[in-house]
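Open the model in a viewer and set it to cartoon, with side chains available on demand. The stops below say what to select next and what is there.

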Amino acid sequence: MSENKPKLIMLVGPTASGKTGLAIKLAQALNSEIISADSRYLYQQLNIGTSKPTLAEQAKVKHHLIDVVDLDKPWSIGEYKTEAEKIILSLGYEGKIPILTGGTGQYIRAIRQNWQIPELEADDRLRDVLEKIGESIGYEQLHKNLQILDPEAAGFIDYRNHRRTVRAFEVIFKTGRRFSDVRSKESSLFDILIIGLEWTRKELYQRIDSRIDQMLSDGFLEEVKNLINQGYKQSLLKMGVIGYSELISHLDGEISLEEAVILIKRNTRKYVRRQANWFKPTDLDIHWLNAKDPAILEKMLDLVRLKFNLV
C-alpha cells in the first residue's frame with residue numbers, strides 16, 4: 001500500500017535542535033523542498049523572535065508555508081493541514097520527496113495521523129463572550145477551567161495562547177464534545193520517514209540561551225516595539241508567542257528587560273519539555289540521531305535510501 005502513497009520525510013526535534021540547517025542540507029542532497037511545520041513561521045510579521053529561516057537560508061532551498069498569513073488572520077490547524085497536504089501531493093507528483101520540518105507537534109501529528117478536523121463556522125458572539133470571561137477572570141484561570149473540562153486539550157494548549165484556549169471552549173460549547181475528541185484519525189495519506197534530532201537536555205538549554213541572546217542582539221526588542229506601533233499588540237498577546245509576550249510586559253513597564261530575558265529562557269525550556277510529549281524518545285517510528293554526529297547527513301540519507309528503496 002505504502003508504495004502507492006507519496007513519500008514524505010519528517011525532520012523533528014525540539015526548539016534550537018538545528019532542524020533548519022539540517023533540513024536545508026538534506027533537501028539539497030535530495031533535490032527537494034522544505035515545508036515548514038512551525039506555527040510561528042506562518043506569520044509575516046514574526047521574524048527575529050521566532051528564529052525564522054533567513055532569506056539567505058530560504059534562497060538555498062525552496063521553503064513553503066513561511067510568511068503566508070497576517071497576525072490578524074490566524075490559521076486554524078485544519079487550514080494548515082489542508083495547505084500542507086496540497087504541497088506534499090504536488091511535490092510528490094514532481095517526483096520529489098518533501099521534507100516537513102518544525103517544532104509544532106500538533107502540525108506534525110495532524111499530517112502523520114491524518115487527523116480529520118471538523119471545520120466549525122466561527123461564532124463571533126460566543127467568541128466575544130469567552131474572551132470577555134478570559135479578560136475578567138484571567139486567561140490563566142480560563143485555561144485551568146479547560147483542564148477540568150478537557151485535560152488532554154489543556155495539556156497541549158499553552159496557557160499563554162489565549163486564542164487556542166478560547167477556541168477549545170468554542171468547540172466544546174458548539175459541539176457538546178471535548179476539543180480533544182473532535183479530531184478523528186484515519187490512515188496516513190503518505191509513506192512517512194520520521195527522523196528526530198537528539199541532544200542532551202543540558203546542551204539544548206545552552207543552545208536555547210545562546211539563541212535568545214543572539215535574538216536580542218539582532219534587534220528582537222525593536223521588532224516587538226515596531227509590531228506594537230503597527231497595532232499588533234493584542235494579536236501577539238492572544239497568541240502568547242514566547243518572547244513577544246515577555247517583551248511586551250517589559251515595554252509596558254511591568255518587568256525589567258533582565259527579568260523579561262530570564263522569563264523568555266525559562267518559558268522556552270518549559271516549551272521544550274512540552275514538545276517532548278509530541279516527539280517521544282520511546283516512539284519507535286522516530287529514528288533518533290545524535291545531532292552532534294559529524295556524519296549525521298549521511299546517516300539521514302542512508303535512512304531515506306533504506307525506507308524508500310532508493311539506489
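## Stop 1: helix α8 and its end

Select G176: just after α8, this glycine takes a positive phi of about 75 degrees. The model is a predicted one.

Now extend the selection back over helix α8, residues 162-175. Its 14 residues should span 20 Å at 1.5 Å a residue, and the end C-alpha atoms are 20 Å apart, so the span agrees with the expected value. Show the side chains of H162, T165, V166, A168, F169, E170, V171 and I172, which are buried in α8. What covers them? The elements over the buried residues of α8 include α5 (124-137), α6 (139-149) and α11 (233-239).

## Stop 2: two of the covering helices

Stay with α6 and select H143, which lies in that helix. Is H143 buried or exposed? Its relative accessibility is 6%, under the 20% limit, so H143 counts as buried. Setting aside neighbours within four places in sequence, H143 is in contact with A154, I157, D158, Y159 and T165. T165 is also one of the buried residues of α8.

Move to helix α5 and pick S136. With 62% relative accessibility, S136 counts as exposed, so expect a different setting from a buried position. Draw a C-alpha to C-alpha distance from S136 to Q147: the two are eleven residues apart in sequence and 18 Å apart in space.

## Stop 3: the sheet

Colour the strands next. Six of them form an open sheet with parallel pairing, in the order β3-β2-β4-β1-β7-β8. At the edges are β3 (63-64) and β8 (286-290), each of which pairs on one side only.

Inside the sheet, select β1 (residues 7-12) together with β4 (residues 99-101); the two pair in the parallel sense over three bridges. M10 stands opposite L100 in β4.

Two helices to add to the view are α3 and α4. α3 packs on the sheet and touches β1, β2 (34-36), β3 and β4, with its direction at about 175 degrees to that of β2. Helix α4 (residues 105-112) also packs on the sheet, touching β1, β4 and β7 (191-198); its direction makes about 155 degrees with that of β1.

## Stop 4: the cores

Nonpolar side chains tend to be buried together in soluble globular proteins. Here the largest nonpolar core has 67 residues, and M10, Y80 and L100 have the most contacts inside it. Helix α3 (residues 77-93) gives the most to this core, with six residues. Apart from it lies another core, of 22 residues, including I9, I97, A291 and I296.

Centre the view on Y80. Which residues is Y80 in contact with, beyond its neighbours within four places in sequence? They are I35, S36, A37, L42, L65, W75, L100 and Y107. Y80 has a relative accessible area of 1% and is buried.

## Stop 5: a ring pair

The whole structure holds three aromatic pairs. For one of them, select Y80 and Y107: the ring centres are 3.9 Å apart and the planes are at 10 degrees, so the pair is stacked. Planes under 30 degrees apart count as stacked. The pair links distant parts of the chain, with Y80 in helix α3 and Y107 in helix α4, 27 residues apart. Like its partner, Y107 counts as buried, at 1% relative accessibility.

## Stop 6: helix α1 and three asparagines

Select helix α1, residues 19-30. Its twelve residues reach 16 Å from first C-alpha to last, close to the 16 Å expected at 1.5 Å a residue. K19, L22, A23, I24, L26 and A27 are buried in α1. After α1 comes N31, with a positive phi near 55 degrees.

Next, go to N114, in the loop between α4 and β5 (115-116). Its phi is near 50 degrees, a positive value in a residue other than glycine. N114 counts as buried, at 4% relative accessibility.

Finish at N309, in the segment after α14 (296-308). The phi of N309 is also positive, near 55 degrees. At 64% relative accessibility, N309 counts as exposed.

Methods:
Residues numbered from 1 in each chain as written. Predicted model: local features only at pLDDT ≥ 70, side-chain atom pairs only at ≥ 80, totals over all residues. Heavy atoms only, no water. Core = buried A, V, L, I, M, F, W, Y, C linked by side-chain atoms within 4.5 Å. Buried < 20%, exposed > 50% of the residue type's maximum accessible area, 1.4 Å probe, protein only. Helix = DSSP H or I, 4+ residues; strand = E, 2+ residues; numbered from the N terminus. Contact = heavy atoms within 4.5 Å. Expected span 1.5 Å × (residues − 1). Pairing = 2+ DSSP bridges. Axes fitted to C-alpha atoms, helices over the stretch in contact; angles between N-to-C directions. Phe/Tyr/Trp six-rings, centres within 6.5 Å; stacked < 30°, edge-to-face > 60°.
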